Each structure stands twice: as C-alpha cells, then as structure tokens.
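Reader: Please give a close account of one hairpin and then place it among its surroundings in the assembly. A connected description would be preferred to a list.

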Amino acid sequence: MHDNISAEERALLDKFLADNKMFLGPDPEIMRDHTVTPRSAAEEAVLKQGFDTHQAHHIRGLINAALSEAFTMVNQMGAAPGAKWGDLVTAIYTAEGNLAMIAPHGIITFAACAFYPIRFIIKNWVSDPTVGVKDGDGFIHNDARYGGVHNTDQSMMMPLYYKGELICWLSSTIHEGENGACEPGGLPAAAESKYDEGIKMSPFKVVENFQIKRDLVTFLQNSVRDPKLQLEDMKVKLHAVMRLRDRIIAILDQFGREALIATMRMHLEDTETEVRRRIRELPDGTTRVLQFMDSSLRENCMQKISVAITVKGDRMICDFRGTAPQFMNRSVNTNLASFKAALATGLLQNIWPDLPHTMAVLSPIEVITDPNSIIDAEGEMPQAMSLMPLFKACVAWTVPMAKFNYSLPRRYSAIIASQYDQAATFIYGGLTQHGDVTGNFCGDINGMGQGARSHADGEHSVSPVFGFMADSGEHEINEEDTPIIRLGAQRLAKDRVGFGKYRGGMGYEQIATARGSGMWGFMTGCEGSKFPSAQGLFGGYSCPAYQLLKIKGVNIFETLNRDPKAIEVFDILKLMNERPLAGGKYSSNDMGMTFELCDEGEIYMICQGSGGGYGDVLERDPALVMKDIEEDLLSADLAREIYKVVFDERTLVVDEDATRAMRDDYRRQRLQRGKPFDAFCKDWVTAEPPADLPYFGSWDDNRRIYAQNPAINLKVVMNADQLQGFYMPNPKDLQIASLEAQLAKAQAALEACQAAGR
Amino acid sequence: MKVLVTEYLRINLDTEKWECRRCGHEHGNARENYKHGLLVYDRDPREIHKPLLDTQLYERTYSPDPKWCRILEYYCASCGTMVEAEYLPPGHPPLHDIEFDIDALKLQWKDRKEVTEPSIAPDLALEKVKHGRALHAEMHHGHQH
C-alpha cells in the first residue's frame, strides 16, 4: 500500500477499520474526557429561541422531585444492603450523555461516571444494526473500565424518546455488592488480575420493550453468588427508571421538548460558569499535599499520591504526576475516569457543597496524571479495590483547597480537615443460617469521622467519605439475614482521634462474630495501619493508625452460655489488653485482610476512624478537653500529655493558671528543640527512600518514580512518563521461603552437631 | 494590606513577608516557602499517637510505625505556635505546600477590603448530612431523628 492516499481512500480505510474493530473495549476517547460536550445542534437551536430562567427553575424542581421519587423507590424496594442504606443514585443525562442532574440525596460518584457507558452506547450501539437503541430499551453495566466506581455497582440506563426523538437518558445505580469475584462481597483484595474480579459487564442491552430479557438475566444470575439479589435489583432499577421516565414525559407534555433540553443544557453551562467564577476568586498559585497509602491490602508498601493544584485566573489544574506506578497483580489500582468521579464527589462534598450535583462541577478543571500510575491504570490491571485511591481522591481537595480558600472575604462552606478515608467495615460471605449463599458488606462503612473544622470539632461518624449521607444500617436486620452477630457496635473509639485545637470527629468500634453457619468468613480492606490516613490541617494532627484485632480459637457463645457475665462490655482495648477469654489466640494485624473463615464465636474487631485535627493542640479550649473526658472520649493522661491541661481528675475542674503556665513552658520547649528549617533539611532529607522501606512513587522529583521492594531486591527508578507496572510476590511464598531458610539453618546446625558427634 | 492564608499565617503585601498571625513575627519572603522561617522538629509519631495496646503483647498498637512515618512539627520561631504538622516517611523532602503569585495577589486585593478575622461559613456538607438523615429517618422509620 502506498503512503500517500487520497481523502476518499482515507475515509474508506477509516470506515473499514471502524467496521471491523475486533473488540469494542473501553474507548480512551470517551474514558479520558470528563468534560461536558459542546452544545449539540439541537441544544444550539433551542437556546437560540431564548431561555426562560423562571420556567427553567420550575422544570428543575420537577426533575428533582422525579429523581427523588425514583431514588425513594430504589431505596425502599432494593434488595442489596447498599440500596437500603442509600448507597445509590438516580440521574438524568442529556441526549449526548452529559450528566445533568442527580437525585438530591443520591451518591454523586455513581452518576459522575455513568455518563461514560452512556457515551459508549451512543457511539457504538445506536448505529449498530445488531444492537440499536430504541424506545423501551434498557442497558446494564458494571465494569468500571467502561465507567463506574467499581464493579460492585450496577447501572440500568434507559434512553427517553419523545415523539420519536431521543431527548435524554435516565439511569439508576446501586452498590449491589456481590459480583462473582474470587472473594465474596464484590471487593476482592485478593484479585491478582482483572479476571479474578468476577462478572465484567460492558454496556449491553438487557431490556427490550420495557421487559428484562430473562435469558440474559439468567446468565448474570449464574455468574454471581446471590442470584436472587441480581434479579430483584435489576427489576427495581428498571421500574424506578420507568417511573422517572413517566415523570419526565409529563414535563415534556407540559413544557415541550425545547424547555427540557434548554433547562438541562443551561444547568450544566451555568454550573461551569459558577465554578470558573469561584476559581477566579482564589489566589493565583499552587498548593500541594502528599497522600501516602501504606498497604496494597496484601502487604504493607508505601504508595504516594502527589497532588498539586494550580490556579491561574479562572483555570484550575490538578496535577497528580509523581504518583506511584500501577501494580500488575494487586487490586488497589484505579482507572482515571473512576478517579475523576471521586474527585468530583470530593469537590462537592468538601469544598462547594452548594453547587448543583452535575458533572459540570469538574468539567472546567484540568486533571493531569502519569499514564500507568496507580490512579491512571491500564485496563488489564486489577482494580477491584480501587476504593483505596478513590477515597483518597475524595479528600485530596481538603488540605490544598483550605490553603486557597482561607483568605477569601466570603467562603462557601466551612474550612475542614480531612475526613477519615478508609473503607472500615466487614466484607463477608459464605452460607447463611437460612442455607443461602451470599456475599456483601456492612453498612457501618458509612460512619467515617468528619475532619475538624476551623470553628468546631469534627462530627463523629458523620457520613461516608463519598456521599453526604448513607445510613449505617440496622444490625438486627443484618443478623436476621446473615450469621453475623454484633458484639459491639457504634461505640466511639476512645482516644483514637486526630488531636488539634479542634479535634476530628471520631469513629466507632466494630466487633463481629458469626453464628449458625457451616461456612462463613470476613475480609477487610483498609490502609492506615502504619501510616495514618486522615490528615490534619494547620498544625492539627492526623488520625492514629488503626488495626484489625482478632481473637481466634474461642467460641464467645459458649463462654457467655457458661458465664453470662464473663464479658460485660465489649471494648476493643479491654479485650485485647486484659485477654479475658482463656485459650484465645489474640492478634493485632494490618487492616487489610483477604477473605478468611471465621469459626463460630471467633471475634474480629476494627474501628471506623477519626477525621484529622485542626490547629495547634495548645490552643484547644480546656473546657472542650474536659467535655471529651466527661463523655469518655479521651483519657485523662492524654488530656495532660497532648493538650497540656492541668485539672482535677475527680471534679474535672481546670486550673487555668497552671494550664497557661504549662502551655507557655511547652511553647518554650518547642523553641528549644526545633531546628531552623534549612539546617533541619540538611540533616533530614535523604537522596532516596529508605532502603528497607517498600516504596512506590516519586521522592524529591515528580519526574522520577521509584519502585522498590526490599523483599525481592527490587529497585527501579523510572521516568514518570514511561511508567510500567510492578509484580508483587505472594506474601505466602515469602513466608514459605523464610520458613524454609530457617529450617535449612536449623538442619545445618543439626548436621554440624551430628558431625561433631555431639 | 495583610492577607490571611492559614490559621497561623498571613502575607503582608506591603513588605512581601510571611507573618505569624499569633505574634506578628516575620517568617521571611512571601515569594518563597514560608517554612524557611520556621523551626522544625522530627517527632516520633508514638509520642502523639500513643500505643493503646500493650506493647509487650503486640507490635501493632494504634501507633504509626516510626520507620514508616514521622511527624515534622513546624513552630513559629518567636512564639512557638505549631503552624503545621507534616506526616512524611523518614527522609522525604518537606513539601513546598503554598506557593502564591504575589503580584497577582496584590492585584486581586487592590479593590478588596482587608480581612483581619477569617469569615466563618456555614458547614453546608453537615447541613446536607442532617437533611439526608431526616429524610431517611422519615422514609424508613416514620419519624424524625
């Protein structure tokens, strides 16, 4: 074939290639674009006729009511535990697949990435004669590589036709949980490739003429551990979307297509305009923060996320270059689209909660990453536990934006330290007491402690990091449905807090066991056991490290049967320090645990975490310190040692003069022990990460990325724009090798003794 | 004209200096990293996040691992106020976390009135949480919490 081909030949060649594409995988053209598309011809034509803002306000209200009604339907009827807690959303998109609005109390993240599969459907299925898109069709999807947070979430997406014209798209998404992965519950930390992640639905048609196609549902049911849930929730989502469709058609009947199209478009454009206006108010410059993730959920290893936010006029650029490279066989990678959806969520939740919940909030903001980094991973990389970097994205804004926002004459919401950002809950699976196979996770994931604010302490266990509100679940209902028994729940974790002038909101203890099942198990997926996760602000401390505690080899039910008073209060610290269960094997472990079996009556304990603290601990009002002691949130020793308060432990009366003197003295101690910055750096800064630290990410230069794992003598330094993935050894293989080495050593010693005739 | 930047830092646009908001001490050139003017202390994280489990029994005790994590405490060199607490792996270069364009800042504040005490905004996220909780309670339990 010659090199110079005519335009006609080029068009023919392009068409041939397009028609003969072997696999319609995730499309980079769609997946790397988080922006609102330019006005369509229809939108342009409609807006040329003028725009009635009062009418648009009226229509927006009606859409909100319709989305809210559909949300309520799913919330009330959904079978997935997540649906009952509100871990869902309903949404409306323009004909081009721009997310226009979500239900007012829905989880924005879901919809902020469901526009990607809709764009996929528009690009690939509309004109494909074997698929097509018509009135009454519904499409399903769960693979985050085509859009979505992670593969536990399933969406039902439906085009809305009015008088033969595609006007908009509607969707409903639920965190369903179980998806047939290598571990139950849908969040397999053990997934070492994408093929361990369970069912991976690219967007496909599963509804025709408003009816679910039973053959396809059967296939899906056959692929997951909870077939009843799969069918039930597909029906629930379909019918919620159909009700939403009815309501939108009523709006079209009343106001006409032009009014609806114009309202959705201007809702997006006005939001973008407002975001740009707010950016313009900020100081020009760059603020930065580093986030460190200390676990791959299989082993401890540091992964750095580097965040630099630059403002210049009305431009905002979020630069994540310098972040850790992707792992080839660990599930804590994410694709870029999911990461951006979490960014959109965090921006709304932590910075500008008053803005409309649309994709237009993030659309004007530029995002730069290193391809093949852990936050911009290739499609082949496992990403079943993408929650780890995604939760970091939700809080990535808080510290750097506080530094931009603090100066503003008028702020839009409170200045706030980082919320606790780990998925602290029990993921479970096995055989229920009713003989059903199941897998899912518990609702107390939704009680993460709020960061301290510039004017007040953080609220305890306030919400999930990814949504304004989702219920933490009814344990009694969970106990009826599953073998899980809560020995302790929603008891605030004393002394585990981000200290500061204002302290972080605290998390609660979660103590669980199992009963009445022949086979049951748990997993947990959290980082922050070595390096704290929720960052403080302006001198406030971070939350502490958190652990997973276990008491194995016991049966608490037998113990309590023998002696109902054997343990009167299930308190993690007391149980672990006092060891009241004789014969139990007590252990303190990393918060990342792959699925393991729990025999009847064995005890697993974790905590929801605290948000970061705000400001210097020496400025904390002693009265607030006493209040924490009174409420049993803080021990007297810590009050003295951290906050430097002098008080009578019996009456909690503060000696204000002595406190002032103690604090003044402590400030003097700081002046004595602190070194001038430049001199300090000379001693402190090393050219490379410590050799014995498993470390992934940049060090002193974001263009040079380290990948070092002392366990396998790996040390690579790469250019950031040429990242490759890294393969981690199986921790059990390392353990076996270590034991074999010990055995060989002992054997050699034995042989030496025998040779010496001893 | 002084511009508030954090709880403990402000920029004096006239002198182009970083200043302590507690004692007025000048930390240094506002076009450079404010940390240059502060004192730093490498804090063992176990001194702040104290072990809550018996260290004789367990290695992991709710304290961060000092081989993985250190806390750099930054103090005002004059009054000893703690301006920042930076959590880093040992030896990691401290971050240049605030780098403003001072010329642009001057232009931006040319027509703004000086703010001496920070504005307090409502915690809208919390309001949304409370609203959501009330709706949820109404929907599921038929009463308001």
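Author: A hairpin is formed by strand 23 and strand 24 of chain A, with 4 residues between the two strands; N713(A), in the turn, has a positive phi of about 55°. The model is a predicted one, in which local features need pLDDT of at least 70 and side-chain atom pairs count only at pLDDT 80 or more, whereas totals for chains, interfaces and linings use all residues. Residues are numbered from 1 along each chain as its sequence is written, and chains are lettered from A and ligands numbered from 1 in the order in which they are written.

Strand 23 covers residues 704-709 and strand 24 residues 714-719, and the two pair in the antiparallel sense over 6 bridges (strands pair if DSSP finds at least two bridges between them; helices, H or I of at least four residues, and strands, E of at least two, are DSSP runs numbered from the N terminus). At one position of this pairing, N709(A) stands opposite L714(A) of strand 24.

The surroundings of the hairpin include P689(A), which belongs to the loop between helix 19 and strand 22 (695-698) of chain A. Beyond its neighbours within four places in sequence, P689(A) is in contact with Y695(A), W699(A), Y706(A), Q708(A) and P89(B) (contact: C-beta atoms, placed from the backbone, within 7 Å). P689(A) counts as buried because it has 23 C-beta neighbours inside 10 Å (buried: 20 or more other C-beta atoms within 10 Å; exposed: 12 or fewer; partly exposed: in between; C-beta atoms are placed from the backbone). The C-alpha atom of P689(A) is separated by 9.4 Å from that of D700(A), 11 residues away along the chain.

The partner P89(B) leads to the contact between the chains. Chain A gives 84 residues to this contact and chain B gives 71. Several elements of chain A supply two or more residues to its side, among them helix 4 (53-77), helix 18 (656-673) and helix 19 (677-684). The largest share, 8 residues, comes from strand 8 of chain A. By class, the side of chain A has 36 nonpolar, 27 polar and 21 charged residues (nonpolar: Ala, Val, Leu, Ile, Met, Phe, Trp, Tyr, Cys and Pro; charged: Asp, Glu, Lys and Arg; polar: the others, Gly among them). Strand 8 of chain A also pairs with strand 8 (residues 98-100) of chain B, in the antiparallel sense over 3 bridges. In that pairing G285(A) stands opposite F100(B).

Further along chain A comes helix 20 (residues 731-755), whose 25 residues reach 36 Å from first to last C-alpha, close to the 36 Å expected (1.5 Å times one less than the number of residues). The number of buried residues in helix 20 is 0, so this helix lies largely in the open. Just after helix 20, G757(A) takes a positive phi of about 75°.

Chain B has an antiparallel arrangement of its own: 4 strands form an open sheet in the order 1-2-3-4. Its edge strands, strand 1 (2-4) and strand 4 (26-29), each pair on one side only. Strand 3 (residues 17-20) of chain B pairs with strand 4 over 3 bridges in the antiparallel sense, and there W18(B) has G28(B) as its bridge partner.

Notes
Two residues are in contact if their C-beta atoms, placed from the backbone, lie within 7 Å.
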